[in-house]
Amino acid sequence: MYRYILFDLDGTLTDSREGIVRCVRETVQGYGDPVPEEETLLRFIGPPLQDSFMRFCGYSPEKAAEAVERFRLLYEPSGQYENRPAPGMAEVMGRLKEKGYVLALASSKPENLCISICGRFGFTPHLSALVGSPLHGDWKKEDVIREVLRQLGLTERDLPQVLMVGDRKFDVHGARACGVDCAGVEFFGYAPVGELEEAGAVTVAASPKELEEFILSH
(Lines give C-alpha, C1' and ligand atoms only; values in the text may rest on other atoms or scores of the structure.)
Protein backbone atom coordinates (compact mmCIF):
# COMPACT_ATOMS: atom_id res chain seq x y z
CA MET A 1 0.00 0.00 0.00
CA TYR A 2 1.20 3.49 -0.82
CA ARG A 3 1.60 5.84 2.12
CA TYR A 4 3.84 8.65 0.83
CA ILE A 5 2.54 10.62 -2.17
CA LEU A 6 4.88 13.01 -3.99
CA PHE A 7 3.37 15.54 -6.38
CA ASP A 8 4.86 17.37 -9.36
CA LEU A 9 3.67 20.97 -9.72
CA ASP A 10 3.49 22.27 -13.32
CA GLY A 11 0.95 20.28 -15.33
CA THR A 12 -0.04 18.24 -12.28
CA LEU A 13 -1.23 20.45 -9.43
CA THR A 14 -1.55 23.50 -11.66
CA ASP A 15 -1.99 24.49 -15.30
CA SER A 16 0.95 26.84 -15.75
CA ARG A 17 0.69 27.11 -19.52
CA GLU A 18 -0.05 30.82 -19.87
CA GLY A 19 2.80 32.15 -17.74
CA ILE A 20 5.48 29.72 -18.89
CA VAL A 21 4.70 30.04 -22.60
CA ARG A 22 4.62 33.84 -22.48
CA CYS A 23 7.91 34.09 -20.61
CA VAL A 24 9.69 31.56 -22.84
CA ARG A 25 8.48 33.43 -25.90
CA GLU A 26 9.70 36.77 -24.55
CA THR A 27 13.04 35.27 -23.49
CA VAL A 28 13.72 33.94 -26.99
CA GLN A 29 12.55 37.19 -28.58
CA GLY A 30 14.97 39.05 -26.33
CA TYR A 31 17.84 37.27 -28.08
CA GLY A 32 16.39 38.07 -31.49
CA ASP A 33 16.04 34.35 -32.17
CA PRO A 34 13.15 32.62 -33.97
CA VAL A 35 10.39 31.72 -31.53
CA PRO A 36 9.41 28.03 -31.59
CA GLU A 37 5.90 27.09 -32.68
CA GLU A 38 3.17 26.96 -30.05
CA GLU A 39 3.24 23.15 -29.90
CA THR A 40 6.96 23.27 -29.11
CA LEU A 41 6.52 26.02 -26.52
CA LEU A 42 4.11 23.76 -24.64
CA ARG A 43 6.89 21.20 -24.29
CA PHE A 44 8.72 23.61 -21.99
CA ILE A 45 6.11 22.82 -19.33
CA GLY A 46 7.48 20.21 -16.95
CA PRO A 47 11.11 19.41 -17.89
CA PRO A 48 14.05 21.43 -16.52
CA LEU A 49 14.15 24.71 -18.44
CA GLN A 50 17.84 24.57 -19.30
CA ASP A 51 17.36 21.22 -21.03
CA SER A 52 14.40 22.61 -22.97
CA PHE A 53 16.26 25.71 -24.19
CA MET A 54 19.06 23.45 -25.41
CA ARG A 55 16.73 20.93 -27.05
CA PHE A 56 14.12 23.19 -28.62
CA CYS A 57 16.11 26.37 -29.31
CA GLY A 58 19.50 24.82 -30.07
CA TYR A 59 21.23 26.84 -27.34
CA SER A 60 24.61 25.88 -25.94
CA PRO A 61 24.67 24.88 -22.25
CA GLU A 62 26.04 28.32 -21.39
CA LYS A 63 23.42 30.23 -23.36
CA ALA A 64 20.67 27.97 -22.05
CA ALA A 65 21.73 28.68 -18.46
CA GLU A 66 21.65 32.41 -19.20
CA ALA A 67 18.23 32.03 -20.84
CA VAL A 68 16.91 30.40 -17.67
CA GLU A 69 18.01 33.44 -15.66
CA ARG A 70 16.36 35.79 -18.17
CA PHE A 71 13.20 33.69 -18.05
CA ARG A 72 13.07 33.91 -14.27
CA LEU A 73 13.36 37.69 -14.34
CA LEU A 74 10.16 37.70 -16.41
CA TYR A 75 8.41 34.85 -14.63
CA GLU A 76 8.89 35.64 -10.96
CA PRO A 77 7.13 39.03 -10.80
CA SER A 78 3.99 38.00 -12.72
CA GLY A 79 4.28 34.84 -14.83
CA GLN A 80 4.07 32.49 -11.86
CA TYR A 81 0.57 33.78 -11.15
CA GLU A 82 -0.65 33.25 -14.74
CA ASN A 83 -1.65 29.84 -13.51
CA ARG A 84 -4.68 27.90 -12.29
CA PRO A 85 -5.01 24.89 -9.99
CA ALA A 86 -6.27 21.50 -11.13
CA PRO A 87 -9.98 21.56 -10.20
CA GLY A 88 -10.58 19.72 -6.93
CA MET A 89 -6.92 18.88 -6.37
CA ALA A 90 -6.56 20.73 -3.07
CA GLU A 91 -9.65 18.92 -1.78
CA VAL A 92 -8.25 15.54 -2.85
CA MET A 93 -5.01 16.31 -1.04
CA GLY A 94 -6.95 17.27 2.08
CA ARG A 95 -8.88 14.00 2.08
CA LEU A 96 -5.72 11.96 1.58
CA LYS A 97 -4.00 13.72 4.46
CA GLU A 98 -7.00 13.09 6.71
CA LYS A 99 -6.73 9.38 5.89
CA GLY A 100 -3.11 9.30 7.05
CA TYR A 101 -1.19 9.71 3.80
CA VAL A 102 1.98 11.81 3.91
CA LEU A 103 2.06 14.30 1.03
CA ALA A 104 4.99 16.22 -0.42
CA LEU A 105 5.87 18.40 -3.39
CA ALA A 106 8.67 17.26 -5.71
CA SER A 107 9.15 19.82 -8.50
CA SER A 108 12.08 20.86 -10.68
CA LYS A 109 10.73 24.41 -10.50
CA PRO A 110 12.75 26.82 -8.31
CA GLU A 111 11.80 26.21 -4.71
CA ASN A 112 10.95 29.84 -3.95
CA LEU A 113 8.33 29.76 -6.72
CA CYS A 114 7.01 26.41 -5.52
CA ILE A 115 6.48 27.92 -2.08
CA SER A 116 4.59 30.96 -3.34
CA ILE A 117 2.42 29.01 -5.81
CA CYS A 118 1.51 26.27 -3.33
CA GLY A 119 0.62 28.93 -0.80
CA ARG A 120 -1.53 30.83 -3.28
CA PHE A 121 -3.59 27.78 -4.28
CA GLY A 122 -4.02 26.20 -0.85
CA PHE A 123 -1.70 23.21 -1.26
CA THR A 124 0.81 24.09 1.47
CA PRO A 125 -1.23 23.00 4.53
CA HIS A 126 -1.38 19.45 3.13
CA LEU A 127 2.37 19.10 2.49
CA SER A 128 4.89 17.60 4.91
CA ALA A 129 7.78 18.56 2.60
CA LEU A 130 7.96 21.12 -0.19
CA VAL A 131 10.99 20.68 -2.44
CA GLY A 132 12.01 22.43 -5.63
CA SER A 133 15.26 23.24 -7.40
CA PRO A 134 17.85 25.51 -5.74
CA LEU A 135 17.80 29.14 -6.80
CA HIS A 136 20.56 28.82 -9.39
CA GLY A 137 20.23 25.62 -11.41
CA ASP A 138 17.47 23.18 -12.36
CA TRP A 139 17.61 19.87 -10.54
CA LYS A 140 16.59 16.78 -12.43
CA LYS A 141 13.51 15.00 -11.12
CA GLU A 142 15.51 12.26 -9.42
CA ASP A 143 17.48 14.90 -7.49
CA VAL A 144 14.27 16.46 -6.24
CA ILE A 145 12.75 13.11 -5.28
CA ARG A 146 15.87 12.09 -3.37
CA GLU A 147 15.74 15.32 -1.40
CA VAL A 148 12.06 14.75 -0.55
CA LEU A 149 12.88 11.22 0.64
CA ARG A 150 15.68 12.64 2.78
CA GLN A 151 13.46 15.32 4.31
CA LEU A 152 10.77 12.76 5.10
CA GLY A 153 13.37 10.50 6.71
CA LEU A 154 12.60 7.58 4.39
CA THR A 155 14.95 4.69 3.73
CA GLU A 156 15.19 2.03 1.04
CA ARG A 157 12.79 -0.10 3.08
CA ASP A 158 10.09 2.56 2.64
CA LEU A 159 10.36 2.88 -1.15
CA PRO A 160 7.52 0.44 -1.98
CA GLN A 161 5.18 2.79 -0.08
CA VAL A 162 6.18 5.86 -2.12
CA LEU A 163 4.23 7.05 -5.18
CA MET A 164 5.33 9.92 -7.41
CA VAL A 165 2.53 11.73 -9.28
CA GLY A 166 3.40 13.65 -12.45
CA ASP A 167 2.31 14.54 -15.96
CA ARG A 168 5.43 13.79 -18.04
CA LYS A 169 7.86 10.97 -18.71
CA PHE A 170 10.49 12.89 -16.74
CA ASP A 171 8.48 12.24 -13.58
CA VAL A 172 8.26 8.53 -14.36
CA HIS A 173 11.94 8.21 -15.20
CA GLY A 174 12.98 10.22 -12.14
CA ALA A 175 10.83 8.06 -9.90
CA ARG A 176 12.25 4.87 -11.39
CA ALA A 177 15.81 6.15 -10.84
CA CYS A 178 14.93 6.47 -7.15
CA GLY A 179 13.25 3.08 -6.95
CA VAL A 180 9.66 4.29 -6.60
CA ASP A 181 6.46 4.00 -8.67
CA CYS A 182 4.93 6.88 -10.61
CA ALA A 183 1.28 7.55 -11.42
CA GLY A 184 0.78 9.64 -14.53
CA VAL A 185 -1.92 12.31 -14.83
CA GLU A 186 -3.48 13.85 -17.92
CA PHE A 187 -5.36 16.73 -16.29
CA PHE A 188 -4.12 19.28 -18.86
CA GLY A 189 -2.78 17.10 -21.66
CA TYR A 190 0.81 18.29 -21.99
CA ALA A 191 2.30 14.83 -22.54
CA PRO A 192 2.15 13.37 -26.06
CA VAL A 193 -0.37 10.54 -26.39
CA GLY A 194 1.02 7.34 -24.90
CA GLU A 195 4.10 8.98 -23.36
CA LEU A 196 3.27 8.16 -19.74
CA GLU A 197 2.31 4.56 -20.46
CA GLU A 198 5.44 3.99 -22.54
CA ALA A 199 7.60 5.47 -19.78
CA GLY A 200 6.21 2.93 -17.32
CA ALA A 201 3.60 4.79 -15.26
CA VAL A 202 1.67 2.39 -13.02
CA THR A 203 -1.56 4.14 -13.99
CA VAL A 204 -2.68 7.22 -15.93
CA ALA A 205 -5.47 9.27 -14.36
CA ALA A 206 -7.62 11.68 -16.34
CA SER A 207 -8.92 13.57 -13.30
CA PRO A 208 -8.01 14.25 -9.65
CA LYS A 209 -10.88 11.96 -8.64
CA GLU A 210 -9.46 9.07 -10.69
CA LEU A 211 -6.08 9.66 -9.09
CA GLU A 212 -7.61 9.63 -5.61
CA GLU A 213 -9.44 6.37 -6.32
CA PHE A 214 -6.23 4.72 -7.53
CA ILE A 215 -4.28 5.80 -4.45
CA LEU A 216 -7.00 4.62 -2.05
CA SER A 217 -7.19 1.22 -3.72
CA HIS A 218 -3.44 0.62 -3.83
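This is a short viewer tour of a predicted model, with stops at a pocket, a cavity and three helix pairs.

**Stop 1: the largest pocket**

Start by selecting G46, P47, P48, D51 and F170. Of the 18 residues lining the largest pocket, these are the closest to its centre. The pocket itself has a volume of about 220 Å³. Now colour three helices: α3 (49–57), α7 (141–151) and α8 (169–177), each of which supplies at least two residues of the lining. If you colour by residue class as well, you should find nine charged residues in the lining of the largest pocket, along with five polar and four nonpolar ones.

**Stop 2: two of those helices, α7 and α8**

Keep α7 and α8 on screen and hide the rest. Their axes are 8 Å apart and the helices pack at an angle of about 55°. How should we class that arrangement? Angles under 35 degrees count as roughly parallel and 65 to 115 as roughly perpendicular, so α7 and α8 are oblique to each other. The crossing of α7 past α8 is right-handed. To see what touches what, show side chains for K141, E142, I145 and R146 on α7, then F170, D171, G174, A175 and A177 on α8; these residues make the contact. By class, the contact of α7 with α8 holds four charged, four nonpolar and one polar residue. Notice F170 here: this residue of α8 takes part in the contact, and F170 is also among the residues closest to the centre of the largest pocket.

**Stop 3: α3 against α4**

Next, bring back α3 and add helix α4 (residues 61–75). The two axes come within 8 Å and cross at roughly 125°. That angle makes α3 oblique to α4, and the crossing is right-handed. Select L49, Q50, F53 and M54 from α3, and P61, A64, A65, A67, V68 and F71 from α4, to display the contact. Which residue classes make up this contact? There are nine nonpolar residues and one polar, with no charged residues in the contact of α3 with α4.

**Stop 4: the cavity**

Leave α4 displayed and add β4 (102–110). Both α4 and β4 supply at least two residues of the lining of the largest cavity, and β4 gives the largest share, four residues. The count of cavities of 30 Å³ or more comes to one, and the volume of the largest cavity is about 180 Å³. Its lining has 17 residues; centre your view on D10, P47, L49, S108 and K109, which lie nearest the centre of the cavity. By class, the lining of the largest cavity divides into nine nonpolar, five charged and three polar residues. P47 may look familiar: this residue is also listed among those closest to the centre of the largest pocket. L49 is another returning name, as one of the α3 residues in the contact with α4.

**Stop 5: α5 and α10**

For the last stop, select helix α5 (residues 89–98) and helix α10 (residues 208–217). They pack at an angle of about 15°, and their axes are 9 Å apart. Angles under 35 degrees count as roughly parallel, so α5 and α10 are roughly parallel to each other. α5 passes α10 in a right-handed crossing. Turn on side chains for M89, V92, R95 and L96 in α5, which meet P208, L211, E212, I215 and L216 in α10. The contact of α5 with α10 has seven nonpolar and two charged residues, and no polar ones.

Methods:
Residues are numbered from 1 along each chain as its sequence is written. This is a predicted model: local features need pLDDT of at least 70, side-chain atom pairs count only at pLDDT 80 or more; totals for chains, interfaces and linings use all residues. Side-chain values use heavy atoms; hydrogens and water are left out. On a 1 Å grid over the protein atoms alone, a cavity is a set of points where a 1.4 Å probe fits but cannot get out, and a pocket is an open set with protein on both sides within 12 Å along at least five of seven lines; lining residues have an atom within 4 Å of a point. Grid points are joined across faces, edges and corners, and a volume is the space filled by probe spheres set on the points. Ala, Val, Leu, Ile, Met, Phe, Trp, Tyr, Cys and Pro count as nonpolar, Asp, Glu, Lys and Arg as charged, and the others, Gly among them, as polar. Axes are lines fitted to C-alpha atoms, for helices over the stretch in contact, and angles run from 0 to 180 degrees between N-to-C directions. Angles under 35 degrees count as roughly parallel, over 145 as roughly antiparallel, 65 to 115 as roughly perpendicular and the rest as oblique. A crossing is left-handed if the near helix is turned anticlockwise from the far one by less than a right angle, and right-handed if clockwise. Contact means heavy atoms within 4.5 Å.
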